[in-house]
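Here are my notes on the model you passed on, set out as numbered points so that each can be checked against the coordinates.

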Amino acid sequence: MTREMVKRTRHGRPVHHWRRDAVELAAMFTAVAVADAVANLIGHGPDGPVLLVVSALVLAATAAFHIWWSRRHGHAPPTSDTGARPGFTEPQAGPRRGVPGSADAVIGDSTLWRMRTTVRDAPGSLAALCTALAGHRVDILSLQAHPLGDTAVDEFLLRAPSTLTAAELTRAIALAGGTGTWIERADAHDLVDAPTRVLGLATRTALDTAELPLALRQLLGRCTIRSLPASPAGGARGADGVPVEGVLEDTVMRLRAPEGGVLTVERPYLPFTPTEFARARALVELDARLGPRVPKGEDVLTLPEGNPITVRRAGTGDLRAAKAMHERCSARTLSLRYHGPVGDADRYLNHLLSPRFGRTLAAQTASGRMVALGHLLWDGDETEVALLVEDEWQRRGVGAELLGRLVGMAVEAGCESVYAVTQASNTGMVAAMRGLGLPLDYQIEEGTLVITARLDAARVGSRLPYDGQRRSVEQYDESAVRD
């Protein structure tokens with residue numbers, strides 16, 4: 001609103017001034033008098049027509065001069081855009097084209113890559129890599145630097161055009177000074193920045209002792225983790241000790257296990273850096289300080305005959321109940337489970353129940369009596385499942401229920417397969433494995449049957465025993481109920 005408009009408006013009504021009205025009235029009377037005089041002069045004078053023509057020409061010349069003067073001094077609006085203000089731009093369809101290396105540099109389909117390369121620890125080395133990536137329109141989503149004295153290992157998370165191959169990326173990095181380049185496809189989980197991922201893994205480890213091997217595997221990538229106890233069951237020789245600070249040997253790191261043995265982590269395809277070694281050691285130290293811990297929670301099920309049964313996580317605190325269940329099991333049941341002398345069965349329980357070597361589920365009656373155990377054991381880069389069901393409770397679906405939950409845990413842990421070691425005469429275990437509905441591989445070695453279920457072929461719904469829901473075993477397939 002202009003200042004004049006403000007003056008003319010008070011409380012929404014126009015304001016009138018008598019002086020301005022008087023001036024306008026006087027000007028109108030003066031104009032009428034002048035017009036009457038000119039009309040008398042033209043109409044009654046001898047040169048009236050000539051005077052009228054001359055006046056018209058003067059008025060036209062004055063108007064033309066006014067137009068020329070206005071354009072010359074910029075009082076008239078320009079006939080074209082001067083560029084003084086941004087013009088309207090049509091919105092572009094699809095992703096915006098940005099500067100190479102920015103979040104919007106990639107147009108169309110893109111591919112996520114994880115890449116690691118070694119460069120000289122000198123000014124400009126990292127800039128040369130970034131320039132090479134920008135030249136191929138590659139977006140750097142995250143970067144971690146691992147110093148190694150005179151050199152440094154740079155780890156990138158990249159988003160590149162789908163037409164760019166791994167070989168082309170590696171060649172561009174080599175020309176920019178990178179050596180020992182390693183590259184593989186990434187996924188959406190890698191988009192989490194390193195500090196957030198490490199904190200999340202530390203939280204998982206703090207809540208559950210069995211999460212330590214899984215956390216190390218997610219932290220370090222594809223690697224083989226073996227936990228060698230100081231005093232193995234059966235009287236075998238224990239693992240040689242390692243210093244408190246651990247040992248790093250290129251592609252192998254050895255750490256002092258929380259229970260006193262040795263934790264070995266091996267990644268043959270890519271050497272470990274001191275930064276990775278420090279992170280792994282911090283996770284192991286956290287686990288050792290917190291001690292053995294098992295998440296609380298249980299799930300109450302109703303068996304086909306109507307009896308309720310509770311499934312929960314078990315640990316070393318259940319050793320006495322597990323031994324009591326052993327005493328109630330027949331010699332044949334124990335031999336099918338442990339494949340050895342029945343008298344040695346109790347020796348394995350402390351190892352099997354330890355959450356540092358895997359996860360154990362227990363099934364117990366309403367009175368608290370343990371009637372079945374299911375184990376998910378970390379065996380290097382493989383995973384073993386095992387079941388033991390008391391004779392009186394076999395053929396009721398308890399073992400199949402435990403097996404389904406254990407396989408669900410393995411799927412959530414990112415395991416590619418699980419295997420069970422049994423005998424061909426153990427028809428209950430064979431039926432339970434078939435009831436999973438997964439592709440199975442069978443191998444027979446000296447009378448021992450090894451059944452491997454491939455988890456990457458189908459998803460198995462996890463039925464975790466922590467949601468407190470009551471449900472019936474009858475809802476599952478009859479083939480899976482057989483034990």
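**Notes on the predicted model**

1. R114 and E184 are both buried. They form a salt bridge whose closest N and O atoms are 2.9 Å apart, and since R114 belongs to strand β3 (residues 110-120) and E184 to strand β6, the contact ties together parts that are 70 residues apart in sequence. Please keep in mind throughout that this is a predicted model.

2. E184 has a further partner in R222, with 2.7 Å between the closest N and O atoms of that salt bridge. R222 sits in the loop between α7 and β7 (224-228), so its pairing with E184 in strand β6 ties together parts that are 38 residues apart in sequence. The two ends of this bridge differ in cover: R222 is exposed, with a relative accessible area of 52%, whereas E184 is buried, with a relative accessible area of 16%.

3. A separate contact worth inspecting is the salt bridge in which the side chains of R328 and E390 meet at 3.1 Å, N to O. Because R328 lies in helix α9 (residues 319-328) and E390 in the loop between β15 and α12, this pair ties together parts that are 62 residues apart in sequence. R328 is partly exposed at a relative accessible area of 34%, while E390, at 2%, is buried.

4. Taking the bridges as a set, salt bridges with shared partners join R114, R116, E155, E184, R222, R267 and E276 into one network. The count for the structure comes to 19 salt bridges.

5. How many aromatic pairs does the structure hold? There is one aromatic pair, formed by W182 and Y269, whose ring centres are 5.9 Å apart and whose planes stand at 40°, so the pair is tilted. The pair links distant parts of the chain, W182 being in strand β6 (residues 179-185) and Y269 in the loop between β10 (262-266) and α8 (274-290), 87 residues apart. W182 counts as buried at 12% relative accessibility, and Y269 as partly exposed at 31%.

6. Helix α7 (residues 212-220) is mostly covered, with seven of its nine residues buried; these are L212, P213, L214, A215, L216, L219 and L220. Just after α7, G221 takes a positive phi of about 85°.

7. Two residues other than glycine deserve a look at their backbone angles. Most residues other than glycine have a negative phi. D250, in the loop between β8 (247-249) and β9 (252-256), nevertheless has a positive phi near 60°. R395, likewise not a glycine, has a positive phi of about 65°; it lies in the loop between β15 (382-389) and α12 (398-412) and is exposed, with a relative accessible area of 52%.

8. On the surface, D379, D381, E382, E416 and D456 gather in a patch of negative charge. Of these residues, D456 lies in the loop between β18 (448-454) and β19 (471-472), and at 62% relative accessibility D456 counts as exposed.

9. Finally, L353, in helix α11 (residues 345-353), counts as buried at 1% relative accessibility. L353 and R313 are 40 residues apart in sequence, and their C-alpha atoms are 9.8 Å apart in space.

Note on methods
Residues numbered from 1 in each chain as written. Predicted model: local features only at pLDDT ≥ 70, side-chain atom pairs only at ≥ 80, totals over all residues. Heavy atoms only, no water. Buried < 20%, exposed > 50% of the residue type's maximum accessible area, 1.4 Å probe, protein only. Helix = DSSP H or I, 4+ residues; strand = E, 2+ residues; numbered from the N terminus. Patch = residues over 30% accessible without salt bridge, like charges linked within 9 Å, V, L, I, M, F, W, Y side chains within 5 Å. Areas by Shrake-Rupley, 256 points an atom, 1.4 Å probe, with all protein chains shown as cover. Salt bridge = Lys/Arg side-chain N within 4 Å of Asp/Glu carboxyl O. Lys, Arg positive; Asp, Glu negative; His and termini not counted. Charge placed at Lys NZ, Arg CZ, Asp CG, Glu CD. Phe/Tyr/Trp six-rings, centres within 6.5 Å; stacked < 30°, edge-to-face > 60°.
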